[in-house]
Amino acid sequence: MIRCGQKTIIFLINNGGYTIEVEIHDGPYNVIKNWNYTAFVEAIHNGEGKCWTAKVRCEEELVKAINTATNEEKESFCFIEVIVHKDDTSKELLEWGSRVSAANSRPPNPQ
């Protein structure tokens with residue numbers, strides 16, 4: 001995307017893990033190394049083409065980043081990493097995870 005000069009905005013929602021997987025079946029395998037995604041994009045960019053990244057942690061920073069991406073950096077590939085709390089999810093998703101967990105814990109159906 002950078003090499004081809006795409007003027008795209010990508011939002012990466014980073015909750016630091018696999019919240020839904022923890023709800024389905026918790027274990028140490030769900031503890032993952034949290035990458036610095038903006039640094040990863042910068043490394044790929046390596047000074048070639050137009051690229052702009054931001055890491056935001058609150059609504060005010062997100063609004064500012066969107067404003068920058070759509071104005072001063074509108075000719076760039078823009079990557080905005082949005083940091084959210086690991087448990088920031090909907091009630092419905094958590095309920096679904098519980099139902100999947102219950103279904104996964106049943107013995108197989110011999111057919």
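**Exercise 1. Find where confidence is lowest and where it is highest in this predicted model.**

Solution.
- Start at the low end: helix α1 (residues 19–24) has a mean pLDDT of 77.
- Go to the high end: helix α3 (residues 59–70) reaches 98.
- Set both against the chain: its mean pLDDT is 87, and 95% of residues reach 70 or more.

**Exercise 2. List the salt bridges and say which parts of the chain K7–E75 and E81–K55 tie together.**

Solution.
- Count first: the whole structure holds three salt bridges.
- Take K7 and E75, whose side chains meet at 3.0 Å, N to O. K7 sits in the segment before β1 (9–14) and E75 in the loop between α3 and β3 (77–83), so the pair links parts 68 residues apart in sequence.
- Next, E81 pairs with K55, with the closest N and O atoms 3.7 Å apart. E81 belongs to strand β3 and K55 to strand β2 (residues 51–56), so this bridge joins parts 26 residues apart in sequence.
- Last, D87 and K86 meet at 4.0 Å, N to O.

**Exercise 3. Classify E81 and K55 as buried, partly exposed or exposed.**

Solution.
- E81 has 1% relative accessibility; the cut-off for buried is under 20%, so E81 is buried.
- K55 has 28%, so K55 counts as partly exposed.

**Exercise 4. Place L94 and describe its surroundings.**

Solution.
- Locate L94: it lies in helix α4 (residues 91–104).
- Check exposure: at 29% relative accessibility, L94 is partly exposed.
- Look for contacts, leaving aside neighbours within four places in sequence: L94 touches E23 and T89.
- Compute the separation from C58: 36 residues in sequence and 23 Å in space, C-alpha to C-alpha.

How values were computed:
Residues are numbered from 1 along each chain as its sequence is written. This is a predicted model: local features need pLDDT of at least 70, side-chain atom pairs count only at pLDDT 80 or more; totals for chains, interfaces and linings use all residues. Side-chain values use heavy atoms; hydrogens and water are left out. Helices (H or I, at least four residues) and strands (E, at least two) are DSSP runs, numbered from the N terminus. Buried means under 20% relative accessible area, exposed over 50%, partly exposed in between (1.4 Å probe, protein chains only). Contact means heavy atoms within 4.5 Å. pLDDT is the predictor's confidence in each residue, from 0 to 100.
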